[in-house]
Amino acid sequence: MRKIRTYGEPILRKKAEEVKDIDDKTLKLINSMKETLLKAQGIGLAGPQVGVSKRIFITYDKEKENFITLINPVILEKNGYEIDIEGCLSFPEIFFSINRAKKVIVKGINEKGKEIIVEANGIIARCFQHEIDHLNGILIIDYATQNEKNFYKEKLEHLLQKSKK
Ligand SMILES: [Zn+2]
């Protein structure tokens, strides 16, 4: 289990580094990210959210009970657009409406070091885009309107205060 970093912590704003080799340390990190994600009942988690500025993310498909791990992911194609409510484990109890592609094709490396191409739709496509944003230091609040930010003002300020401790 790893501690989930929340809004205000500088690591969430750093551009994460490419993973050069998938060694034991990387595999241990991925396993601990899976445990952390299940425990938090989330659908996606990126390296920086657990304090590791590396280009790795995992998603968990609740219906299929299946993890997808992507290392050094790149979006190859985006199709269609859809606005939906989105949360983030780094922003507990905060939700913003975000316009994302409905369908994406993403290329990356899996845990075995093999290059894979994954096509995703709906919630998993949204999750891929969200997690890749994390690897570039982009957070859901960057898409929020002023009204949305005002609505969550107290919660956001609380997170910022917490991050300074
Ligand atoms: Zn997130």
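Here are some questions and answers about this predicted model.

Q: What is the strand order of the open sheet of five strands?
A: Let's start with the pairs. S2 and S3 pair in the antiparallel sense over six bridges, 12 bridges join the antiparallel S3 and S4, and seven bridges join S4 to S5, which also run antiparallel. S1 and S5 each pair on one side only, as edge strands. The order is therefore S1-S2-S3-S4-S5.

Q: By how many degrees are neighbouring strands of this sheet turned against each other on average?
A: The sheet is open and its pairing is antiparallel. With direction ignored, the average turn between neighbouring strands is 30 degrees.

Q: Which residue in S3 is the bridge partner of Tyr60?
A: S2 and S3 are antiparallel partners, with six bridges between them. They form a hairpin with four residues between the strands, where Glu65 takes a positive phi near 50 degrees. Within S3, the residue bridged to Tyr60 is Phe67.

Q: Which residue in S5 does Lys103 stand opposite?
A: S4 and S5 are antiparallel and joined by seven bridges. On the S3 side, Lys78 stands opposite Val104 of S4. In S5, the residue opposite Lys103 is Asn121.

Q: What angle does the direction of H2 make with that of S4?
A: Two helices are worth looking at here. H1 packs on the sheet by touching S1, S2 and S3, and its direction makes about 40 degrees with that of S2. H2 packs on the sheet too, touching S1, S2, S3, S4 and S5, and its direction makes with that of S4 an angle of about 80 degrees.

Q: How many of the 14 residues of H2 are buried?
A: H2 reaches 21 Å from its first C-alpha to its last, close to the 20 Å expected at 1.5 Å a residue. Its buried residues, among them Ile124, Phe128, Ile132 and Leu135, pack against S1, S2, S3, S4 and S5. The helix is mostly covered, and the count of buried residues is 11.

Q: Is H4 mostly covered or hardly covered?
A: H4 spans residues 153-164 and reaches 17 Å between its end C-alpha atoms, close to the 16 Å expected. Of its 12 residues, the count that is buried is one. That makes H4 hardly covered.

Q: Which element gives the most residues to the largest nonpolar core?
A: This core has 21 residues, and those with the most contacts inside it are Leu45, Phe57, Ile58, Ala120 and Phe128. H1, S1, S2, S3, S4 and H2 each give two or more residues to it. The top contributor, with six residues, is H2.

Q: How many residues are in the other core, which includes Tyr7 and Phe91?
A: This core lies apart from the largest one, and its members also include Phe96 and Ala144. Its residue count is nine.

Q: Which residues is Leu45 in contact with, leaving aside its neighbours within four places in sequence?
A: Leu45 is one of the residues with the most contacts inside the largest nonpolar core. Its partners farther than four places along the chain are Met33, Thr36, Leu37, Val50, Phe57, Ile58 and Leu89.

Q: Why does Ile4 count as partly exposed?
A: Ile4 is found in the segment before H1. Leaving aside neighbours within four places in sequence, its contacts are Thr36, Ala40, Gln49, Val50, Leu89 and Ser90. A residue needs 20 or more other C-beta atoms within 10 Å to be buried. Ile4 is partly exposed because its count of C-beta neighbours inside 10 Å is 19.

Q: How many Å apart in space are Ile4 and Ser90, C-alpha to C-alpha?
A: Ile4 and Ser90 are in contact, although 86 residues separate them in sequence. Their C-alpha to C-alpha distance is 6.7 Å.

Q: Is Gln41 buried or exposed?
A: Most residues other than glycine have a negative phi. Gln41, in the loop between H1 and S1, has a positive phi of about 55 degrees although it is not a glycine. Because 9 other C-beta atoms lie within 10 Å of its own, Gln41 is exposed.

Q: In which strand is the place of Asn72?
A: Asn72 is a residue other than glycine with a positive phi, near 50 degrees. It counts as partly exposed because it has 17 C-beta neighbours inside 10 Å. The place of Asn72 is in strand S3.

Note on methods
Residues are numbered from 1 along each chain as its sequence is written. This is a predicted model: local features need pLDDT of at least 70, side-chain atom pairs count only at pLDDT 80 or more; totals for chains, interfaces and linings use all residues. A nonpolar core is a set of buried Ala, Val, Leu, Ile, Met, Phe, Trp, Tyr and Cys residues joined through C-beta atoms within 7 Å. Two residues are in contact if their C-beta atoms, placed from the backbone, lie within 7 Å. The expected span of a helix is 1.5 Å times one less than its number of residues. Two strands pair if DSSP finds at least two bridges between them. Axes are lines fitted to C-alpha atoms, for helices over the stretch in contact, and angles run from 0 to 180 degrees between N-to-C directions.
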